Amino acid sequence: MKERNFIINPSLLACDFLHLEKSLAEAEGAGVPMLHADVMDGVYVPNISFGFDIIERICSVVTIPVDVHMMTVAPEKYLERLRDAGACSVTVHSDLGDRDRIAGILKDIRSLGMKAAVALKPAFGAECVKDLIPLCDMVLVMTVEPGFGGQRFMEHMLPKIASVRRMADRENPKMSVQVDGGINVSNIGSCAVAGADNFVVGTSFFRSGDLTLAASELKEAAEASVGSITLTEEP
Ligand code: DX5
Ligand code: ZN
């Protein structure tokens, strides 16, 4: 029997930037085990979010890990800054360059003491990360086009989640499979059944009105969908 620990990972893109510290405290108070920070450079994606000083301030006031999703053309320039800011994990996109470039970035992330992850945009299949799985602590399957919160979940990404999970089961069973984009209580179960265990949730968490309730409903929906799988406590 498999053990699977489901992580609800709120995306700060949807939090109240005018009251960032309060939003962070409320998110952490809701009992989530990590937070997701989206860095966008306006080049890799058509949007600009926030940078390293903000991430550093975020990391300085929360006690849970901060997972950084780099939607930038040259993430390798900033790995040390992310480490210094307090990032726990760094995700880079698979289509930034050839396999050697991505493998080098993943190794550098790990050698700086952070967890390494690679992300697949909707147009890229699971085979694009096949050779990278041993270098990854996590693979992110995007369930929207990256760049903006509040988009609609792409159901046709489910088979890709299952393919990545199968590859990981063969080559790196401890690897996490993350989903990001349009996740809510109605679709989190199908992502969990497909093999995801780390769920980035922006709008459905921060705009829910009750963060504690949202976190527990999301986690329960994931757990209920995979009833036969034994669950473990949060780390
Ligand atoms: C989109 C980002 C997501 C986004 C998710 O490019 O990577 O993390 O904030 O937000 P929702 O859950 O609203 O789709
Ligand atoms: Zn993200």
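This section describes the zinc site, a pocket, the cysteines and several buried residues of a predicted model.

The zinc ion (ligand 2) is held by four residues, namely His-36, Asp-38, His-69 and Asp-180. The histidines do not use the same atom, since His-36 coordinates through NE2 and His-69 through ND1. Both aspartates, Asp-38 and Asp-180, contribute OD oxygen. The coordination distances run from 2.0 to 2.3 Å. Six donor atoms surround the zinc ion (ligand 2), and the angles among them range from 71 to 171°. The geometry of the site is octahedral. Along the sequence, the donor residues follow the spacing H-x1-D-x30-H-x110-D. Thus one residue stands between the first histidine and the first aspartate of the pattern, 30 precede the second histidine, and 110 precede the final aspartate.

Two of these donors were examined for solvent accessibility. His-36 has a relative accessible area of 0% and is therefore buried, as this value is under 20%. Asp-38, at 4% relative accessibility, also counts as buried because it falls under the 20% limit.

The second largest pocket encloses about 340 Å³ of space. Its lining comprises 26 residues, and those nearest the centre of the pocket are Phe-148, Gly-149, Gly-150, Gly-202 and Thr-203. Four secondary-structure elements each give two or more residues to this lining: strand E3 (35-40), strand E4 (66-71), strand E9 (198-201) and helix H7 (203-206). In terms of residue class, the lining of the second largest pocket is made up of 11 nonpolar, 12 polar and three charged residues.

Strand E3 also contains Leu-35. The relative accessibility of Leu-35 is 0%, so this residue counts as buried. Leu-35 and Asn-9 are 26 residues apart along the chain, and their C-alpha atoms are separated by 5.2 Å.

The cysteines were considered next. A disulfide is a covalent bond between the sulfur atoms of two cysteines. The structure holds zero disulfides. For Cys-88, the nearest cysteine sulfur belongs to Cys-59 and lies 9.1 Å away; because a disulfide requires a pair of sulfur atoms within 2.5 Å, Cys-88 is in none. Cys-88 is partly exposed, with a relative accessible area of 24%. Cys-136 is likewise in no disulfide, and the nearest cysteine sulfur, which is that of Cys-128, is 13 Å away. With a relative accessibility of 1%, Cys-136 counts as buried.

Further buried positions were found in two helices and a strand. In helix H3, which spans residues 79-85, lies Ala-85. This alanine, Ala-85, has a relative accessibility of 5% and counts as buried. Ala-85 and Phe-205 are 120 residues apart in sequence, with a C-alpha to C-alpha distance of 25 Å.

Val-90 is part of strand E5, which covers residues 89-93. Its relative accessibility of 0% places Val-90 among the buried residues. Between Val-90 and Leu-79, which are 11 residues apart in sequence, the C-alpha to C-alpha distance is 8.1 Å.

Leu-218 belongs to helix H8, residues 211-225. Leu-218 is buried, its relative accessible area being 2%. In space, the C-alpha atom of Leu-218 is 5.3 Å from that of Val-185, although the two residues are 33 apart in sequence.

Methods
Residues numbered from 1 in each chain as written. Chains lettered and ligands numbered in written order. Predicted model: local features only at pLDDT ≥ 70, side-chain atom pairs only at ≥ 80, totals over all residues. Heavy atoms only, no water. Donors = N, O, S within 2.8 Å, 3.2 Å for Na, K, Ca; no water. Tetrahedral: all angles 85-135°; square planar, octahedral: opposite > 155°, others 65-115°. Buried < 20%, exposed > 50% of the residue type's maximum accessible area, 1.4 Å probe, protein only. 1 Å grid on protein atoms, 1.4 Å probe; cavity = no way out; pocket = protein on both sides within 12 Å on 5 of 7 lines; lining within 4 Å. Points joined across faces, edges and corners; volume = space filled by probe spheres on them. Nonpolar A, V, L, I, M, F, W, Y, C, P; charged D, E, K, R; others polar.
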